[in-house]
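Trainee: Before we go through the model, please put the sequence and the structure on the screen.
Mentor: Here they are.

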Amino acid sequence: MTINDLRGVLKGRVLLPDDDGFEQAATAWNLTVRQPAAAVAEAADADDVAALVRYAGRAGMTVTAQPSGHGASGDVEGLILLRTGLLNEVEVRADERVVRVGAGVKWGQVLAAAGPLGLTGLSGSAPGVSVTGYTLGGGVGWFSRKYGFASDSVRAIDIVDADGEPGRVTAESDPELFWALRGGGGDFAVVTALELELYPAPVLYGGRVIWPEHRTREVYDAFLEITAEAPRELSVWINRLQPPGAPPMVTLDLAYLGEAAQGEDLLARIDKIEGAISDSRGVVPVADLGSIAAEPTDPAPSIARAELLTGLDADAVELLLAKPVEPLINVQIRHLGGALAEPGGGAGASGAVAEPYLLGLLGLGLPHAADATRAKQAEVVADLEAYISGRKPYTLLSPGDTAAKSFSGSVLARLRGIKRARDPHNVFRANYPVLG
């Protein structure tokens, strides 16, 4: 059996390295990451996924699933790269407050369908990110302080197992696999659909406020004051931005799950800072939630690094502000806490995040800038060493990290046990394998 035989197995398109269009088909959303796969298989439907997995098992090959590649690690050499973008059905069951999504669905599609019904999912900041990839890794977004990881809102999972058999996984039908898939990554099965809980969102208030760089200290002071008392419905992120070809600036990104008047009261401290360049605060339709942080929607070459902070006191702020942002584009701090620190009894493998703040470092991944970007990220992390916990949720891993950074020893051992039992021949490989 050869890789060419794969074409006779699937209804969807199969591309090999010598084929026209292979390079484009194998390219991740993050253009910095190279993907030297043995083949790209575009599943036409869930039956195609099952057929592909059975083929891989017979051929002794490994499958790695990727709807888009926002979180691609590049660890795909010699693997079959499974594209699930055609599995794009969205079904909102408003009476149950549940949405069913195919493995290729993006968060923007869910928000557009749920928003007019007064509901929202636990999306991240970018509408183009796939629901499945984000959720299998945990998923930290705007309403995580209120409702926790997106993975903990999963109610059912349609999968194809390592034998190529379709199945439906719930807390009742298979509690071990259900636990592992919710935050442990895609190392245990190929997911073809998810059912997720939706949450009431009759009104959202938020937006972005931008100031020139010389207001940075004032904005940080306001950020610390607001987050010290913020209710769980309010998420506030601060960014030191250095857009290419533009002057440096500082912004606050804001989302409040509640009425505008209450949001205005909670954020009144911001109005004391003069000189705002722009202020988009107001009622935000759920479908526009992804516009607050103004993240790119088109593929781009970027290098991101995330770290959890054990605190953010005056000394830490001094370290954050002591040096220019460049050559990075953004140095971001997100306020965490709330439900992330207190998961319920039915939580998945993501567990809890005790650290109250998240540090995000983003830079260009273009060849002339990549080394400088990585060096600057390492410098910022070294400067803040006393505040960095050394662990991070799976959803925040980046190339060079391993799954061991996400889990305690006992959780990682449990995940590895499930992997060995469910996929003894390594038919599946996640971005960050639990056995890696």
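**Strands, domains and exceptions**

Mentor: An open sheet of 4 strands, with mixed pairing, has the order E1-E2-E4-E3. Strands here are DSSP runs of E, at least two residues, and helices are runs of H or I, at least four residues, both numbered from the N terminus; two strands pair if DSSP finds at least two bridges between them. This is a predicted model, in which local features need pLDDT of at least 70 and side-chain atom pairs count only at pLDDT 80 or more, while totals for chains, interfaces and linings use all residues. Residues are numbered from 1 along each chain as its sequence is written, and side-chain values use heavy atoms, with hydrogens and water left out.

Trainee: Which are the edge strands of the sheet?
Mentor: An edge strand pairs on one side only. That applies to strand E1 (14-15) and strand E3 (63-65).

Trainee: Which residue in E2 stands opposite Leu15?
Mentor: E1 and strand E2 (residues 39-42) run antiparallel and are joined by 2 bridges. Opposite Leu15 in E2 stands Val40.

Trainee: How much area do domain 1 and domain 3 bury between them?
Mentor: The domain assignment, automatic or from a database, gives domain 1 (3-83), domain 2 (90-200) and domain 3 (204-396). The centres of domain 1 and domain 3, taken over C-alpha atoms, are separated by 34 Å, and the contact (heavy atoms within 4.5 Å) takes 4 residues from domain 1 and 10 residues from domain 3. Buried area is the accessible area (1.4 Å probe) that two parts lose on being put together, summed over both. With 54% of it on carbon and sulfur atoms, the area is about 550 Å².

Trainee: Which residues in domain 1 lose the most area to domain 3?
Mentor: Together they make up 88% of what the domain 1 side buries. They are Trp29, Leu31 and Thr32.

Trainee: How many salt bridges are there between domain 1 and domain 3?
Mentor: A salt bridge needs a side-chain nitrogen of Lys or Arg within 4 Å of a carboxyl oxygen of Asp or Glu. The search of the whole structure finds 32 salt bridges. Between domain 1 and domain 3 the count is 0.

Trainee: How many residues apart in sequence are the parts tied together by Glu176 and Arg414?
Mentor: These two residues form a salt bridge, with the closest N and O atoms 2.5 Å apart. Glu176 lies in helix H6 (residues 175-181) and Arg414 in helix H11 (residues 409-422), so the parts tied together are separated in sequence by 238 residues.

Trainee: Which residue in the turn between E5 and E6 has a positive phi?
Mentor: Strand E5 (residues 90-93) and strand E6 (residues 98-102) pair in the antiparallel sense over 4 bridges, and Val92 has Val99 as its bridge partner in E6. The two strands form a hairpin with 4 residues between them. The residue is not a glycine, yet its phi is about 55°; it is Arg97.

Trainee: Which residues does a cis peptide bond join?
Mentor: Most peptide bonds are trans. The cis bond has omega of about 15°, and its proline is in the loop between helix H9 (314-321) and strand E18 (328-335). The residues joined are Glu326 and Pro327.
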